[in-house]
Amino acid sequence: MSRGYENETGVSEFLLLGITREPGQRQVLFWFFLCTYLVTVAGNTLIVVVIGSDPRLHTPMYFFLTNLSFVDLCFTTNLIPKLLANHVAGTWTITYPHCLTQMYFLIAFANVDSFLLAAMALDRYMAICKPLRYCTIVTPGLCAGLAALVWVSSGLISLVHTLLMSRLTFCPRARAISHFYCDAYLLMKLACSDTHVNQCVFLGAVVLFVAPCVLITVSYIQIAVAVLHMPSATGRRKAFSTCSSHLSVVMLFYGTVLGIYVRPPDSFSAQDTVATIMYTVVTPMLNPFIYSLRNKDVKEAVSRLLHRDPKSS
């Protein structure tokens, strides 16, 4: 490995300890991660293809859902293939450049996820609370601009973290990460140099990460008030049904992330390592099922795609 990285940072590679060191349990986890990854890729790809190929679904809500499925696909691809490759090769190391690259995309994709969920909540708020102004305000141009802002800002936020992390010096004797990927929390704990600036920026990032959750909460309070004032029971059921899938995803994602990361880095434990499987592996796998099984429009679009006559295309 390049000596340049070792001279500047103190290490040339890190050791990923994973979730368990027992060979039997690692074998079970290998098949678990492989199966969930394949299901995640298939499910999220199907959502992207179905929405892209069906003009009936070319609406703001499904535009953001397409972005969400794509980022979930990227999110797991950033983590799981490396884990599976390490298991097959029988080595649990990750090079310093690869570690920082993995951390960069992890933070970027997590922020994209968070901002997209907030954008989807605002879309539902406008559709239910401001239905007469919805089409004039929530235009395709606005949605495209908002999506671009989400992706660019998330990349810049992650770049700041990565550049600050690259300035740290790591202790050669303490290069083991108690995780199956390069987590920014745990990397800071391995540093020999001062991490005060990193911790302050990370705290600011946590606040920024929580802000969309607050926005989602406020939006759904307004939605609940509007729905309860609807005179028709059928209208109330339809309004709640359009929000149920999104609410399920929000609770899955934020429930795990906030429970793990809204705490001091020193409190991170082995139980938290297991808990991160929920938002890094399980949630991206479940999202397509939540949106398809509870959404009549998506189910009908899938049916049309599967039964399409090739001669008519």
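How many aromatic pairs does the structure hold? The structure holds 17 aromatic pairs. The model is predicted. This report starts with the overall build of the chain, then turns to the rings and to two residues of helix H3.

**Overall build**

The chain contains 11 helices and 3 strands. From one end of the sequence to the other, their order is α-β-α-α-β-α-α-α-β-α-α-α-α-α. The chain has 313 residues and a radius of gyration of 21 Å, which agrees with the value near 20 Å of a compact globule. The C-alpha trace spans about 65 × 45 × 35 Å along its principal axes.

Burial comes next. Of the 313 residues, 47% count as buried. The exposed area of the chain is about 15,300 Å². Carbon and sulfur atoms supply 68% of that area.

Contacts reach across the sequence. Take the contacts between residues at least 6 apart in sequence: 78% of them join residues at least 24 apart. As for charge, the chain carries 22 positive and 15 negative charges. Their mean positions lie 9 Å apart.

**Aromatic pairs**

A pair of aromatic rings is described by the distance of the centres and the angle of the planes. Two of the 17 aromatic pairs are set out here.

| Pair | Centre to centre | Angle between planes | Geometry |
|---|---|---|---|
| Phe14 and Phe170 | 5.3 Å | 90° | edge-to-face |
| Phe63 and Phe64 | 5.5 Å | 65° | edge-to-face |

Phe14 and Phe170 link distant parts of the chain, 156 residues apart. Phe14 belongs to strand S1 (residues 13–16). Phe170 sits in the loop between helix H6 (140–166) and strand S3 (176–177). Are these two residues buried or exposed? Both Phe14 and Phe170 are buried.

Phe63 and Phe64 differ in exposure. Phe64 has a relative accessible area of 3%, so Phe64 is buried. Phe63 has 31% relative accessibility and therefore counts as partly exposed. The cut-off for buried is under 20%, and that for exposed is over 50%.

There is also an aromatic cluster. Its members are Phe70, Tyr104, Phe105, Phe109 and Trp151.

**Two residues of helix H3**

Phe63 lies in helix H3 (residues 60–89). Which residues does Phe63 touch, leaving out those up to four places away in sequence? Phe63 touches Cys143, Ala144 and Ala147. Val48 is 15 residues from Phe63 along the chain. The C-alpha atoms of Phe63 and Val48 are separated by 9.3 Å.

Asn78 is also in helix H3. Is Asn78 buried or exposed? Asn78 counts as buried because its relative accessibility is 16%, and the cut-off is under 20%.

Leaving out residues up to four places away in sequence, Asn78 touches Thr101, Gln102, Phe105, Leu106 and Phe109. Phe105 and Phe109 are also members of the aromatic cluster. Asn78 thus touches two residues of that cluster. Thr101 is 23 residues from Asn78 along the chain. The C-alpha atoms of Asn78 and Thr101 are separated by 9.1 Å.

How values were computed. Residues numbered from 1 in each chain as written. Predicted model: local features only at pLDDT ≥ 70, side-chain atom pairs only at ≥ 80, totals over all residues. Heavy atoms only, no water. Helix = DSSP H or I, 4+ residues; strand = E, 2+ residues; numbered from the N terminus. Rg over C-alpha atoms; globule rule 2.2 N^0.38 Å. Buried < 20%, exposed > 50% of the residue type's maximum accessible area, 1.4 Å probe, protein only. Contact = heavy atoms within 4.5 Å. Areas by Shrake-Rupley, 256 points an atom, 1.4 Å probe, with all protein chains shown as cover. Lys, Arg positive; Asp, Glu negative; His and termini not counted. Charge placed at Lys NZ, Arg CZ, Asp CG, Glu CD. Phe/Tyr/Trp six-rings, centres within 6.5 Å; stacked < 30°, edge-to-face > 60°.
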